[in-house]
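The following report walks through a two-chain model, moving from one chain's overall organisation to its sheets, its core and a few individual residues. It is meant to be read alongside the sequence and the coordinates.

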Amino acid sequence: MTALQTSSARLMAMVFYVPRACLPAKRRRILAIPIGAALLFGALAHAVRGGRAEAFADVADAGLFGLVLPLGTLIIGDAVLGAEVRSGALPFTWLSPVRLWEIIVARWLGGWLISLCTLVPACTAAALIAGVPEAMAAITLAVAAGSAALIATFVLIGSTTRRAAVWSLGAVLLGERLLGAAIAGVAGVSPSWVARSVYGSYGPAAEALERAGIPSGGAAVGRLVVLTTVALALATWRLGSLRLTGSRD
Amino acid sequence: MDRDVISDSSVVATDPAFVADATVTVGDVSVWFGQKVALSEVSCSFGPGVTGLLGPNGAGKTTLMRAVCGLLPVNQGDVRVLGADPRTDRPVHLQLGLVPEEDAVPEALTARQLVRYTARLRNIDDEAAVTGALARVDLLDAADRAVGDFSKGMRQRAKIAAALVADPTVLVLDEPLNGADPVQRVSLISLFTSLGAEGRTVIVSSHVLHEVERLASRIIVVLNGRLAAAGGHRAIRDAMADRPRRVVVRADASRRLAAHLVGLDVVTGVSVEDDTVTISTSNAGALALALPGLSIEHGCGLREVRPLDESLEAVFRELIR
């Protein structure tokens, strides 16, 4: 086996470990809440006045990008690393010859795959339920790219502090919702605001979701890729100095 | 004590905390969490065979084991496993197995999946190795059940199988007998001693002295984050036996017994209340030998003899005085 094959095999083992081991039944049930909420937001678009596309854009702005995406990815992102650090189960992975960046990338990739199989289809289905099938591609792209960056952010938080769930919630509520709404500079590095901008660029009648100071279109997707990469690099660095104590410490 | 001193053969020969053929060396290691000092300037080494790490709860055993495995960075000092720094030299983890004390296991995985996962991370793609590790801890029958449904003892065995699958040179077992029933204990003790006999470095922690005695020929005692004693279990046992302690005796003629006990050299104090005599002694072993003869000779009618302060914490406290 070549070094590349060995590395790939280990990476795949770690990626498939994530949905098997990091999402116990209780967390799956919690994850069902944002998934159900996405579908309800799709139905809610019918109650909003105006054209179907405008109504869905409104619902996507407040509901999908404001609640479902950040909270859904928080549930997944905390599960893939922060929860294992807290519980004391991470040493099963950490105490191996696998390089730290491989652990981080595998955890992120596993989490993103979960998002691609849960949150992204739910948001896509919301567009269909709202009666705006032409929005499906744009919402899929925006939520997929946004969830990649958000999960990377939560992986970074998980590799930095044992209280990852609290800090992640703080990042969503204070960082993204409050500061992001008030300061364009903060919104420009906030995955859910940039994901909004992606949908604003490509979605039907969604120009209102674009915001001055935040890139749009391909540049917004590029920004999300950069945010993801930077978060994963920082997470690798932080994991190297993490103190892996037990759950009771 | 720095690494130069550890490698000094005269120190190794005279200090029971060190072994000549060390695979794991701990040099002047201190670890603290905020204001709390978990380990303070601990220096010792471990070599092939089973070494028991003994100490009461909170003594610093788990911190020392985590430092040896690289899970914790040390604030001061140096840890080497097979010549490498376990914190930064990740390839050495191939030779290192840990059974954490924590009950935390990925509960949704089956035992087989857990062992297979740890095997894959160590480049082992051999199902026979997975099955072999499970068989070694007698867990084959339950291998396809979720670990979350296991009893504590079965979880311990699943963790041991996960640590054994890569055939590590250094095996660190943190309270591995916790939760195991008596039959499993015998089986696991036999497993650990055989692993040591195979030439592996096996470090086993426990807060139960007789358990460690059965496991390890060499014992290192840790208390309050410091190395309190080291050596063979006989030396540790003797050190514990020689300490001053109190013994409670119930006898039919308690006052007569007390009067005669005062004349013994090893007795430093006696108090009597009803039929109970509380004896302070400088040598419990010698007192135990003398007491039956004294009782028969003077017709005192012994009914009960028990140590008053036999908690391990009390023993350890005395050890480091």
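Domain bounds, as used here, come from an automatic or database domain assignment. For chain B of this predicted model, that assignment gives domain 1 (3-240) and domain 2 (242-319), and the centres of domain 1 of chain B and domain 2 of chain B, taken over C-alpha atoms, are separated by 39 Å.

**Chain B as a whole**

Chain B contains twelve helices and 13 strands. Of its 321 residues, 45% count as buried, and among the contacts in chain B with a separation of 6 or more, 67% are made by residues 24 or more positions apart.

**Two open sheets in chain B**

One open sheet of chain B has six strands in the order β5-β6-β7-β3-β8-β9, with mixed pairing. Its edges are formed by β5 (96-99) and β9 (226-232) of chain B, each of which has a single partner strand, so one side of each is left without a neighbour in the sheet. From one strand to the next, the twist averages 15°. Within this sheet, strand β3 (residues 49-54) of chain B runs parallel to strand β8 (residues 218-223) of chain B, and four bridges join the two; B:Thr51 stands opposite B:Arg218 in β8(B). Helix α3 (residues 61-69) of chain B packs on the sheet, where it touches β3, β5, β6 (170-174), β7 (201-206) and β8 of chain B, and its direction makes about 155° with that of β6(B).

The other open sheet described here has three strands in the order β2-β1-β4 (chain B), with antiparallel pairing. Its edge strands, β2 (36-46) and β4 (76-81) of chain B, each pair on one side only, and neighbouring strands of this sheet are turned by 25° against each other on average, direction ignored. Strand β1 (residues 24-33) of chain B runs antiparallel to β2(B) and is joined to it by seven bridges. Two of the residue pairs that connect to β2(B) are B:Phe33, whose bridge partner is B:Lys36, and B:Trp32, whose bridge partner is B:Val37. The hairpin of β1(B) and β2(B) has two residues between the strands, and in this hairpin B:Gly34 takes a positive phi near 60°.

**Nonpolar cores**

The largest nonpolar core holds 171 residues, of which A:Val155, B:Val68 and B:Ala161 touch the most other members. The largest share of this core, 18 residues, comes from α3(A). Leaving out residues up to four places away in sequence, B:Ala161 touches B:Ala111, B:Val115, B:Ala133, B:Leu134, B:Arg136, B:Val137 and B:Leu139. There is also a second, separate core of twelve residues, which includes B:Val267, B:Val277, B:Ile279 and B:Cys300.

**The contact between the chains**

How many residues does each chain bring to the contact? Chain A contributes 26 residues and chain B contributes 30 residues. On the side of chain A that touches chain B, α1 (3-22) and α4 (91-94) of chain A each supply at least two residues, and α1(A) gives the most, with seven residues. The residues on that side of chain A divide into 13 nonpolar, nine polar and four charged.

**Individual residues**

A:Arg52 is found in helix α3 (residues 52-87) of chain A. Apart from its neighbours within four places in sequence, A:Arg52 is in contact with A:Ala45, A:Ala130, A:Gly131 and A:Val132; the C-alpha atoms of A:Arg52 and A:Val132, which are 80 residues apart along the chain, are separated by 6.4 Å. A:Arg52 counts as partly exposed because it has 19 C-beta neighbours inside 10 Å, where 20 or more would be needed for a residue to be buried.

The table sets out two residues that have a positive phi although neither is a glycine.

| Residue | Phi | Place | C-beta neighbours and exposure |
|---|---|---|---|
| A:Ala205 | about 50° | loop between α10 (191-202) and α11 (217-240) of chain A | 18 within 10 Å, partly exposed |
| B:Asp28 | about 55° | strand β1 of chain B | 17 inside 10 Å, partly exposed |

Technical notes. Residues are numbered from 1 along each chain as its sequence is written. Chains are lettered from A and ligands numbered from 1 in the order in which they are written. This is a predicted model: local features need pLDDT of at least 70, side-chain atom pairs count only at pLDDT 80 or more; totals for chains, interfaces and linings use all residues. Two residues are in contact if their C-beta atoms, placed from the backbone, lie within 7 Å. Ala, Val, Leu, Ile, Met, Phe, Trp, Tyr, Cys and Pro count as nonpolar, Asp, Glu, Lys and Arg as charged, and the others, Gly among them, as polar. Two strands pair if DSSP finds at least two bridges between them. Axes are lines fitted to C-alpha atoms, for helices over the stretch in contact, and angles run from 0 to 180 degrees between N-to-C directions. A nonpolar core is a set of buried Ala, Val, Leu, Ile, Met, Phe, Trp, Tyr and Cys residues joined through C-beta atoms within 7 Å.
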